[in-house]
Amino acid sequence: MYNININNSHFEKKFKRDINKLRTSYPTEQDKHLFLDLVNTYMLTSNHFNLFEKIISYRFDEINAMLPITTRKGNLYTTFTCIAAQSINGITPLPTLPSLFFLIEKTAILFFDDILCCWAEFRVYQLTDKAERDFLVHDTGHSYTYEYSEESDDYGYEVVDNIKDDHRLFSTCYSNIPMRLPLANVLINLETFVKQQHWYEMLYYLDVSANGEHFIMYQKQGDYSPLLLSSALIQRWGQHNNWLTFEHFFQTENWTLTLSNEKIQTLENSGVFSSVLTSKINTTSIERFDYSLLKTIKQKNAVCEIIRMAISGPQIKLNYILYLTLKYLTVKLADIGLEVAYTIVEQPSILNFYCSVNDDSIKTLPYVSLCEQKVEGTDLTTYQGLVFTRPMSQIFKLCSFRDYNKRIIRMRKQKKTSTRA
């Protein structure tokens with residue numbers, strides 16, 4: 001199956017021989033784990049720690065060179081799942097890369113369907129391997145299993161100043177091994193954003209989830225490590241040069257401004273932005289608008305960006321965990337004086353809740369969407385906007401889970417009715 005000419009070094013011969021022993025049309029989970037073991041050993045032996053990045057970069061450029069110039073450049077997932085990609089990935093050689101890279105790519109596709117999925121699984125493998133080694137050092141001899149308890153309403157939530165310095169152990173729904181908070185947070189980001197939602201670009205920046213200020217929510221488990229259910233990265237004004245909102249992807253002509261007089265009045269009346277916005281904002285492009293609005297902020301310490309809101313737990317409970325996360329996050333931000341949060345949202349349930357809240361508001365909008373973009377290949381629309389945490393937290397404090405769902409359902413019905421009209 002793998003007739004590949006490779007360097008005749010002893011290690012490479014052994015590496016090829018070991019991988020060929022694993023080849024099968026129906027690889028088991030053990031086969032996959034052994035393959036990841038081999039890749040890890042190869043990395044340590046050859047110092048090619050960026051082999052996945054190099055393979056993906058090579059194929060990404062190769063695929064885009066095959067596509068028509070008029071084709072909009074997609075993200076990693078859409079690029080690597082297009083027809084052109086299927087004709088070359090794992091089929092044509094990688095002539096400018098070390099010869100074993102091609103064998104690794106072919107095996108990755110055989111075992112995990114594509115190189116991106118394999119890279120994500122490899123990062124999970126690295127995290128759990130480190131957690132297991134760390135845990136053995138502190139092992140008390142007890143057997144640990146961690147599950148979400150439907151009977152327990154004992155939730156905790158807090159803002160951690162710098163997650164990398166937090167050495168508490170947390171369990172997750174993805175591993176029976178407790179991990180230090182930074183590792184546990186990276187794991188739930190990997191499982192939710194990367195593996196479930198295919199945001200493979202995040203693999204280049206996983207360290208962001210292990211550093212900085214974070215909101216976390218967890219379920220307490222008595223004498224056992226708490227179960228980490230959700231988290232979100234908080235980036236304050238001092239980090240605004242690194243805000244995702246101002247990355248190139250969110251500044252292109254693919255985004256459409258959604259301003260209105262009501263939204264501008266909300267911004268002007270907030271006390272955070274200038275009270276005479278109309279004469280100070282530039283609406284000729286998304287980029288000019290974003291930066292001109294930024295310059296009108298008067299209370300810089302009251303503004304932040306919230307990104308990477310990861311929600312984990314049993315599928316049947318995810319909506320409830322999302323509700324609790326939104327509620328406690330908003331309340332906590334208001335409590336610590338962060339009155340305005342830049343957000344990027346595409347989950348329909350969150351957007352429907354925000355729209356419902358806005359419909360019931362009289363003087364000010366708790367949520368202001370600034371621009372939107374249709375997500376290619378889906379029925380989703382992504383919104384960039386602002387959450388005003390004081391009014392939104394007051395609404396959440398009076399809003400039960402049942403009320404939350406009623407608002408979402410009501411707004412969904414209204415949208416369907418307006419679409420038919």
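Trainee: Which side chain does R133 meet in a salt bridge?
Mentor: In this predicted model, the side chain of R133 meets that of D129 in a salt bridge, with 3.1 Å from N to O.

Trainee: Where do those two sit along the chain?
Mentor: Both lie in helix 7, which spans residues 115-137, and because R133 and D129 are four residues apart there, about one helical turn separates them. R133 is partly exposed at 46% relative accessibility, and D129 is also partly exposed, at 27%.

Trainee: And what about K195, which residue does its side chain meet?
Mentor: K195 forms a salt bridge with E191, at 3.3 Å from N to O, and these residues are four apart in helix 8 (residues 181-196), so about one helical turn lies between them.

Trainee: Is E191 buried or exposed?
Mentor: E191 counts as buried, with 10% relative accessibility, whereas K195 is partly exposed at 27%.

Trainee: Which pair links distant parts of the chain?
Mentor: D154 and K220 meet through their side chains in a salt bridge of 4.0 Å, N to O; D154 belongs to the loop between helix 7 and strand 1, K220 belongs to strand 4 (residues 214-221), and the two are 66 residues apart.

Trainee: How many salt bridges are there in the whole structure?
Mentor: The search finds 15.

Trainee: Changing topic, what pLDDT does the chain average?
Mentor: The average is 89, and 91% of the residues score at least 70. Over residues 1-8, however, the pLDDT is below 50, although this stretch has 22 contacts in the model beyond near neighbours in sequence. Where pLDDT is low, the predicted coordinates should not be read in detail.

Conventions. Residues are numbered from 1 along each chain as its sequence is written. This is a predicted model: local features need pLDDT of at least 70, side-chain atom pairs count only at pLDDT 80 or more; totals for chains, interfaces and linings use all residues. Side-chain values use heavy atoms; hydrogens and water are left out. pLDDT is the predictor's confidence in each residue, from 0 to 100. Contact means heavy atoms within 4.5 Å. Buried means under 20% relative accessible area, exposed over 50%, partly exposed in between (1.4 Å probe, protein chains only).
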